[in-house]
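Colleague: Please take a close look at the largest pocket, and describe how its lining connects with the rest of the fold.

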Amino acid sequence: MPQGCLHLVATPIGNLSDLAPRVADTLAEADLIACEDTRVTHKLLQHLGLQRPTLSYREENEKVLAPELAQRISQGENIALLSDAGFPGISDPGFRLVRECRSRGLPVVPVPGPNAAITALAASGLPTDSFLFKGFLPPKTSARKRFFTEHEASPYTLVLYESRHRILKCLDDLVEVLGEDRCICVAREITKLHETFHPGPAGKVRERVRNGSQKGEFVVMVAKEGYQLTETG
């Protein structure tokens with residue numbers, strides 16, 4: 001029986017014009033599309049003029065579905081794994097399925113594309129030569145403060161994801177632990193119509209975010225201690 005393949009398919013993080021032609025080809029040939037939210041993926045498929053079977057693959061059911069999907073791949077099916085936005089497996093479900101496929105010797109093929117962390121960092125003005133990506137921080141204030149304390153002297157640029165519900169609390173904790181003068185950058189709605197970047201001292205950035213819209217997803221970047229970004233405006 002021919003062996004199938006798992007395709008890790010990156011999807012746009014906001015702007016559908018960023019959709020790579022290879023994505024359409026991969027999805028058109030997939031026997032099944034495993035995705036976070038089938039409604040989001042159906043809109044993408046509609047944009048591409050495709051109709052393919054989909055299956056909701058979320059953090060809640062990943063442990064159960066990973067071996068099942070790997071078994072289907074071993075039997076010859078081509079399965080595409082998608083996040084709602086960005087690269088599956090990076091702060092999104094996918095790791096367990098990739099690990100299951102690798103442990104069974106099944107092929108895993110990445111179909112690269114947009115990634116919020118890298119896109120934000122490249123445009124932030126903060127050092128990009130070395131960075132530490134930590135995804136979403138814990139929701140509790142005590143855990144966030146502990147994280148900032150532990151990484152206060154980090155030689156790397158810290159790159160974090162944060163939701164609109166906790167962005168102000170996160171920045172409050174950051175300023176309390178690292179100080180108002182620590183150089184940071186907060187990016188919001190990357191690649192979308194209301195894309196916004198706020199670089200500068202943490203205290204000033206916090207106020208800009210507080211006085212602006214908190215809708216959408218945020219990327220918070222923290223420069224190493226002592227780094228300064230001269231503001232011209």
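**The pocket and its helix**

Modeller: In this predicted model, α2 supplies the largest share of the lining of the largest pocket, with five residues. The model is predicted, so local features need pLDDT of at least 70 and side-chain atom pairs pLDDT 80 or more, whereas totals for chains, interfaces and linings use all residues. Numbering starts from 1 along each chain, and side-chain values use heavy atoms, without hydrogens or water.

The pocket (an open set of 1 Å grid points, with a 1.4 Å probe and protein on both sides within 12 Å along at least five of seven lines) has lining residues with an atom within 4 Å of a point. The space in it, as filled by probe spheres on the points, comes to about 870 Å³. Its lining has 31 residues, and Ile13, Asp84, Ala85, Gly86 and Glu217 are those nearest the centre. Two or more residues come from each of α2 (38–48) and β10 (218–222), which are DSSP runs (helices H or I, at least four residues; strands E, at least two). By residue class, the lining has 15 nonpolar, nine polar (Gly among them) and seven charged members.

Beyond the pocket, there is an open, parallel-paired sheet of five strands in the order β3-β2-β4-β1-β5, where pairing requires at least two DSSP bridges. Because β3 (54–56) and β5 (108–111) each have a single partner strand, one side of each edge strand lacks a neighbour in the sheet. Strand β2 (32–35) joins β3 through three parallel bridges, and Ile33 has Thr54 of β3 as its bridge partner. On this sheet packs α2, touching β2, β3 and β4 (78–82), with contact meaning heavy atoms within 4.5 Å. The direction of α2 makes about 155° with that of β3, on a scale from 0 to 180 degrees between N-to-C directions of axes fitted to C-alpha atoms.
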